[in-house]
Amino acid sequence: MIFPGDEGFDQAVTPWNLAVKQPVRAVAEVGSVDDVIDAVRLARREGLAVTAQPSGHGASGDVTDTILLRTHGLTSIEIDAAARVARVGAGVRWGQLQAAAAAHGLTGLPGSSPVVTVTGYTLGGGLSWFSRKHGFASSGVRAFDIVDAEGRRSKVTRDDELFWALRGGGGDFALVTAIELDLHPAPHLYGGRVLWPASRAAEVLEAFKEITATAPDELTVWFDLLSFPGSPPFVAVDSTYLGEDASELLAPLDRIGGALSDTRGPMPLTSLGDITGEPTDPGPGASRAQLLGDLDGILERIMPIDPLISVQIRHLGGALARPSDSAAGQVDEPYLLYMFGLPGVEEKQRKIAEGGRKPFTFLSPDESAAAAFPAGTLERLRDIKRRHDPANVFRSNYPVLAG
């Protein structure tokens with residue numbers, strides 16, 4: 001256990017987003033389930049809460065009177081290729097699981113970054129490159145290994161009400177030490193990025209609309225506006241396709257002249273992070289998201305992009321829009337707007353994102369879980385929280401009882 005003032009505390013307490021401060025009581029680096037049990041029982045005795053963070057992606061700063069559990073030491077990976085199932089510890093990152101699964105021609109349901117942990121991402125639903133085909137990552141979970149609020153270990157499966165809550169409701173109900181989840185056959189993967197000067201943004205957006213209007217579930221397309229310090233602004237389209245070749249499906253992009261680069265082509269499952277090239281080291285940032293029913297007037301709301309660094313519009317639909325038996329639910333809106341910039345851009349982000357629901361893992365530090373769930377889902381999550389953790393031992397990044 002590391003306490004404020006101890007050597008190494010400042011580094012141990014720092015989350016992925018360096019702009020978020022975490023005023024915790026102590027940090028525990030855990031390397032086994034027994035370590036987790038000891039930390040949970042200690043927190044319960046002392047009247048404190050426990051917040052689990054392998055690396056701190058999604059940290060909100062709501063950690064007063066908590067013990068921060070760094071679970072990055074839980075790194076086991078087991079692949080049952082015949083059953084298409086993976087069992088991973090709470091510290092495993094998506095890049096690690098993808099490498100293990102790809103050796104068998106299989107894939108999980110990762111997002112855009114290889115350094116986000118599988119467990120934290122999946123507890124919040126997990127919006128994947130392949131969610132249009134297979135749904136949220138949480139929908140593919142078969143079981144959770146947990147430590148409960150009494151400090152007891154158990155396995156949560158479909159016949160337990162916690163199973164519904166943990167698949168998309170966040171980490172507010174138990175401390176998950178490992179998960180078992182489905183893997184999917186992926187003998188071929190096609191994808192990449194096409195980049196143009198930002199002056200072509202209107203044309204690119206029209207092509208994006210044309211493609212997404214008829215896209216099969218195997219195809220995922222994202223529209224990006226980018227403004228990096230020291231460079232002119234750009235517009236891009238990112239794509240993945242669970243198949244051999246998406247050239248015909250993406251043909252509207254080829255009618256736009258002036259492309260600066262085009263990386264589309266067959267690609268390995270382990271290279272998904274290369275498409276967007278997101279940073280793999282911590283840094284300060286401010287982000288905000290909003291689900292969109294349509295794209296009417298979106299460029300007028302966004303441009304000029306400065307002082308934001310990126311504005312992304314993800315095409316959703318497919319399996320995401322179908323009924324779900326998990327807390328992640330179904331998403332009726334066909335698009336997701338996501339903005340990122342350095343601290344200080346929050347006012348512009350709020351003007352662009354006018355409120356409304358967003359996925360749990362896209363919440364901003366000043367928002368609450370209520371912005372991620374319909375009222376009925378939120379009330380069910382709160383009931384489960386009160387039954388399974390009446391002493392409020394566990395605190396997720398966005399507690400369901402708050403706000």
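Trainee: In the largest nonpolar core, which residues touch the most other members?

Mentor: In soluble globular proteins, nonpolar side chains tend to be buried together. In this structure, which is a predicted model, the largest nonpolar core has 49 residues, and those that touch the most other members are Val-88, Val-118, Phe-144, Ile-146, Leu-166, Phe-173 and Leu-381. The elements that each give two or more residues to this core are strands E5 (85-89), E7 (141-147) and E9 (175-182), together with helices H3 (94-102), H4 (118-123), H6 (161-166) and H12 (375-388). The largest share, 5 residues, comes from H6.

Trainee: If I select Phe-173 and leave aside its neighbours within four places in sequence, with which residues is Phe-173 in contact?

Mentor: Under that condition, Phe-173 is in contact with Leu-162, Ala-165 and Leu-166, with Leu-381, Ile-384, Lys-385 and His-388, and also with Phe-394 and Val-400. Two of these partners, Leu-166 and Leu-381, appear again among the core residues that touch the most other members.

Trainee: How many residues are in the other core, which lies apart from this one?

Mentor: That separate core has 37 residues, including Phe-208, Tyr-241, Ala-286 and Leu-292.

Trainee: Turning to enclosed spaces, how many cavities of 30 Å³ or more does the structure hold, and which residues line the largest?

Mentor: A cavity is a space where a probe fits but cannot get out, and the structure holds 3 of 30 Å³ or more. The largest has a volume of about 70 Å³, and its lining consists of Gly-124, Phe-136, Gly-168, Leu-291, Ala-327, Ala-328, Val-331, Arg-357, Pro-359, Phe-360, Ala-372 and Phe-373. Sorted by class, that lining has 9 nonpolar, 2 polar and 1 charged residues.

Trainee: What is the volume of the second largest cavity, and what classes of residue are in its lining?

Mentor: The second largest cavity has a volume of about 40 Å³, and its lining has 4 nonpolar, 3 polar and 2 charged residues. The residues concerned are Leu-127, Ser-128, Arg-132, Thr-220, Trp-222, Arg-314, His-315, Leu-316 and Leu-320. Strand E12 (219-226) and strand E17 (310-315) are the elements that give two or more residues to this lining.

Trainee: A pocket, by contrast, is open; which residues are the closest to the centre of the second largest pocket?

Mentor: About 230 Å³ of space lies in the second largest pocket, and of the 13 residues that line this pocket, Gln-11, Ala-12, Thr-14, Ser-55 and Arg-70 are the closest to its centre. By class, the lining of the second largest pocket has 6 nonpolar, 4 polar and 3 charged residues.

Conventions
Residues are numbered from 1 along each chain as its sequence is written. This is a predicted model: local features need pLDDT of at least 70, side-chain atom pairs count only at pLDDT 80 or more; totals for chains, interfaces and linings use all residues. Side-chain values use heavy atoms; hydrogens and water are left out. On a 1 Å grid over the protein atoms alone, a cavity is a set of points where a 1.4 Å probe fits but cannot get out, and a pocket is an open set with protein on both sides within 12 Å along at least five of seven lines; lining residues have an atom within 4 Å of a point. Grid points are joined across faces, edges and corners, and a volume is the space filled by probe spheres set on the points. Ala, Val, Leu, Ile, Met, Phe, Trp, Tyr, Cys and Pro count as nonpolar, Asp, Glu, Lys and Arg as charged, and the others, Gly among them, as polar. Helices (H or I, at least four residues) and strands (E, at least two) are DSSP runs, numbered from the N terminus. A nonpolar core is a set of buried Ala, Val, Leu, Ile, Met, Phe, Trp, Tyr and Cys residues joined through side-chain atoms within 4.5 Å. Buried means under 20% relative accessible area, exposed over 50%, partly exposed in between (1.4 Å probe, protein chains only). Contact means heavy atoms within 4.5 Å.
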